[in-house]
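Here are some short exercises to work through with the structure in view. Try each task yourself before reading its solution.

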Amino acid sequence: MSNDNSQSPPDRRPLIAFAWLWVGAPLAYGLYELVRKATQLFTG
Amino acid sequence: MPPAALSVHLSIGQAYAWSVFKPPLESALGLSGTQSALPFQLGIVMLGLSAAFGGTLVERRGPRWAMTVALVCFSSGFLLSALGAATEQYWLIVLGYGFVGGIGLGIGYISPVSTLIKWFPDRPGMATGIAIMGFGGGALIASPWSAQMLESFGSDSSGIALAFLVHGLSYAVFMLLGVVLVRVPRTEKPVASGPSVVEGVQVSANSAVRTPQFWCLWVVLCMNVTAGIGILEKAAPMITDFFADTSTPVSVTAAAGFVALLSAANMAGRIAWSSTSDLIGRKNIYRVYLGVGALMYLLIALFGDSSKPLFILSALVILSFYGGGFATIPAYLKDLFGTYQVGAIHGRLLTAWSTAGVLGPLIVNWIADRQEEAGKHGAALYGLSFTIMIGLLVVGFVANELVRPVHPRHHVPAPRQEAVDVERQQPESA
């Protein structure tokens, strides 16, 4: 039991960064396309 | 947990980009506009039905099971559609995308809701806002992506089949992240603060639908969504009609830009307003959605055709409230009914969305057609629709005012609730 307590928890930051990148990259692409289209309201 | 929820919602949000497939399907399979809309319409009906009837099962089996079902159904829907397009059997596309895929939409939509609320009990509005913002973002990704794919593969039946196949496989891989990462907290975190209506109350889904609070919120959601769809449905022709007779008419390209801007407001409203509700309370934020929303409609009706910035700004605010209404409702349900079966209750409440999805376009399109027949044009085509929308928002406002804490006779007895919570959380907490 004491051994379990002395072990430091695994570093989850790489996993969290990967997960956010996984969903963030396509969302950024969608937002880029959206901004490109939305600017047509002022230029079109 | 938020990326897990987002991976599912960003995928199923593709449903709103179905229109990209309509023209190629119509020319490749010789379909009418009404026929090519069938897979989407059936998909939305199945979304409402599967969320309503599958909600309790989702609560019992947990979010990982639900996300797996959503992944299998949503991807299989595309694969069946690919087979349908390749063999030119349109009924397979309707069955695949509409029926099977629609079940994936409903189960996927509610799958992360109660888990997110349990992870972030102090900020349920922000938590569900992130996921439900993903549903809005799904169309932003899918729309240009699907269009580019059709351009590369071709718009004939084999090109469409290949596009469906790539969609099915890609979304399966993308949603897998949610299935792998989703986790229910081992113990429900205590709420430190927050302007909830009631703390510590737990109500089952079956009891919730027998309370006036559930039906008040049903009316609130239905009216708010109807008002938003009223703009969204005819946004491009509406802005063109409003300024047709002015010195600064709106071109088709600029109207497309306006539609894109509305999508951005819809998405931003989901996270911004829902997070704000954690600070000012759910009842107050719906007062804003419905009360200020009615005021914005009034501004458009009275002065919209004389000021383009006013028209655009008012429409953006209405659309941000539309998105906010969707994203805040799970947190409102949590305040009233607790976390016990909030996902199942949310699923049943989504029938209000299905109703509004029929009501909103019906009001705006039918009235605009009648006004056109009567010889009206420009902004006059929409005056009556906007007056009706204001009326509906006032009805929603009154329904929100009628929301009171749930009567104790509907509460789940504490020992039973704990037993069910333990049983539900064990398989998911590893």
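**Exercise 1. Find what the buried residues of α17(B) pack against, and check the length and sidedness of this helix.**

Solution. Start with the partners. In this predicted model, the buried residues of α17(B) pack against three helices of chain B: α10 (212-232), α13 (282-303) and α16 (351-373).

Next, list those buried residues. They are S385(B), F386(B), M389(B), L392(B), L393(B), G396(B), A399(B) and N400(B). Around the axis they cover an arc of only 130 degrees, so they sit on the same side of α17(B).

Finally, test the length. Helix α17 of chain B has 19 residues (383-401), and at 1.5 Å a residue the expected span is 27 Å. The end C-alpha atoms are 27 Å apart, so the expectation and the model agree.

**Exercise 2. Work out how the two domains of chain B meet.**

Solution. First, set the bounds: the domain assignment gives domain 1 as 2-181 and domain 2 as 205-410 of chain B. Their C-alpha centres lie 23 Å apart.

Then look at the contact, which takes 27 residues from domain 1 and 30 residues from domain 2 of chain B. On the domain 1 side, α3 (33-61), α6 (113-119) and α7 (124-153) of chain B each supply at least two residues. The largest share of that side comes from α7(B), with eleven residues.

Last, sort the domain 1 side by class: there are 14 nonpolar, ten polar and three charged residues.

**Exercise 3. Describe chain A, then the side of chain A that touches chain B.**

Solution. Begin with the secondary structure: chain A has three helices and zero strands, in the order α-α-α from the N terminus. Of its 44 residues, 18% count as buried.

Now bring in the record. An unreviewed UniProt entry lists residues 15-32 of chain A as "transmembrane region". In the model, that stretch is 100% helix and 0% strand, and its end C-alpha atoms are 25 Å apart.

Move on to the contact between the chains, to which chain A gives 17 residues and chain B gives 20 residues. The elements of chain A that give two or more residues to its side are α2 (13-38) and α3 (40-43). Of these, α2(A) gives the most, with 13 residues. By class, the chain A side has eleven nonpolar, four polar and two charged residues.

**Exercise 4. Decide whether G33(B) and E88(B) are buried, exposed or partly exposed.**

Solution. Take G33(B), which is found in helix α3 of chain B. The cut-off for an exposed residue is 12 or fewer other C-beta atoms within 10 Å. G33(B) has 9 such neighbours inside 10 Å, so it counts as exposed. For a sense of distance, G33(B) and T328(B) are 295 residues apart in sequence and 34 Å apart in space, C-alpha to C-alpha.

Turn to E88(B), in the loop between α4 (63-86) and α5 (90-110) of chain B. With 15 C-beta neighbours inside 10 Å, E88(B) counts as partly exposed.

One more step concerns the backbone at this position. E88(B) has a positive phi of about 60 degrees, although it is not a glycine.

Definitions and conventions. Residues are numbered from 1 along each chain as its sequence is written. Chains are lettered from A and ligands numbered from 1 in the order in which they are written. This is a predicted model: local features need pLDDT of at least 70, side-chain atom pairs count only at pLDDT 80 or more; totals for chains, interfaces and linings use all residues. Helices (H or I, at least four residues) and strands (E, at least two) are DSSP runs, numbered from the N terminus. A residue is buried if 20 or more other C-beta atoms lie within 10 Å of its own, exposed if 12 or fewer, and partly exposed in between; C-beta atoms are placed from the backbone. The expected span of a helix is 1.5 Å times one less than its number of residues. The arc is that of the directions from the helix axis to the C-beta atoms. Two residues are in contact if their C-beta atoms, placed from the backbone, lie within 7 Å. Ala, Val, Leu, Ile, Met, Phe, Trp, Tyr, Cys and Pro count as nonpolar, Asp, Glu, Lys and Arg as charged, and the others, Gly among them, as polar. UniProt positions are given in the numbering used here, feature names are shortened, and annotations may be inferred rather than shown by experiment. Domain bounds come from an automatic or database domain assignment.
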